[in-house]
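Hi everyone, thanks for making time. I'd like to walk you through a structure that's new to most of you, so let me put it up on the screen.

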Amino acid sequence: MTNVPQISDAEWEVMKVLWARTPRTANEVIEALEDQTDWKPKTVRTLLNRLTQKQAISYSQQNKVYAYFPLVTEDECVRYETESFLKRIYGGAFKPMLVNFLKEDKLSAEDIKELKSILDDKTK
């Protein structure tokens, strides 16, 4: 896995916009987020700057317009966050987490069926 930066919850929202379609200008990111957040444009620009500093995104410049694009994939970030969560909460072990979800009845019958299918594929 490449060096995946630690991304805050707010930065995740910006990354989702860029993963959905890229490159995007700051104004396009602001517009995409205005329906789902109450952030001011300055807040979004600050998040873009932070993500650039963390090397999660970069930009190309034409005249005075910056077009932002991700340097890490969504899949890489999800894997990193999953591993980080497992290490912090379950000491890196997946089984206790799965058992916890199963005991809490948080999984639907369809979810369980899908998990069984995945486990069956893993044992082949």
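Okay, one thing before we look around: this is a predicted model. Let's start with a single pair of residues. Gln62 has Val65, over in strand E3, as its bridge partner. Step along a little and you find Ser60, which is bridged to Ala67 in E3. Altogether, E2 and E3 are joined by 6 bridges, and the two strands run antiparallel. E3 covers residues 65–70, and E2 covers 57–62.

So how do you get from one strand to the other? E2 and E3 make a hairpin, with 2 residues between them. Have a look at Asn63 in that turn: its phi is positive, about 60°.

Now zoom out to the sheet. It's an open one with 3 strands, in the order E1-E3-E2, and the pairing is antiparallel. Strand E1, at 24–25, and strand E2 are the edge strands, each pairing on one side only.

What lies across those strands? That's helix H1, which lies across E1, E2 and E3 and runs at about 90° to E3.

H1, residues 9–20, also packs against helix H2, residues 26–33, at an angle of about 110°, and their axes are 10 Å apart. That makes H1 roughly perpendicular to H2. Which residues meet there? From H1 you have Glu13, Val14, Val17 and Leu18, and from H2 there's Val29, Ala32 and Leu33. By type, the residues of that contact come out as 6 nonpolar, no polar and 1 charged.

That's my tour; over to you.

Technical notes: Residues numbered from 1 in each chain as written. Predicted model: local features only at pLDDT ≥ 70, side-chain atom pairs only at ≥ 80, totals over all residues. Heavy atoms only, no water. Axes fitted to C-alpha atoms, helices over the stretch in contact; angles between N-to-C directions. Helix = DSSP H or I, 4+ residues; strand = E, 2+ residues; numbered from the N terminus. Parallel < 35°, antiparallel > 145°, perpendicular 65-115°, else oblique. Contact = heavy atoms within 4.5 Å. Nonpolar A, V, L, I, M, F, W, Y, C, P; charged D, E, K, R; others polar. Pairing = 2+ DSSP bridges.
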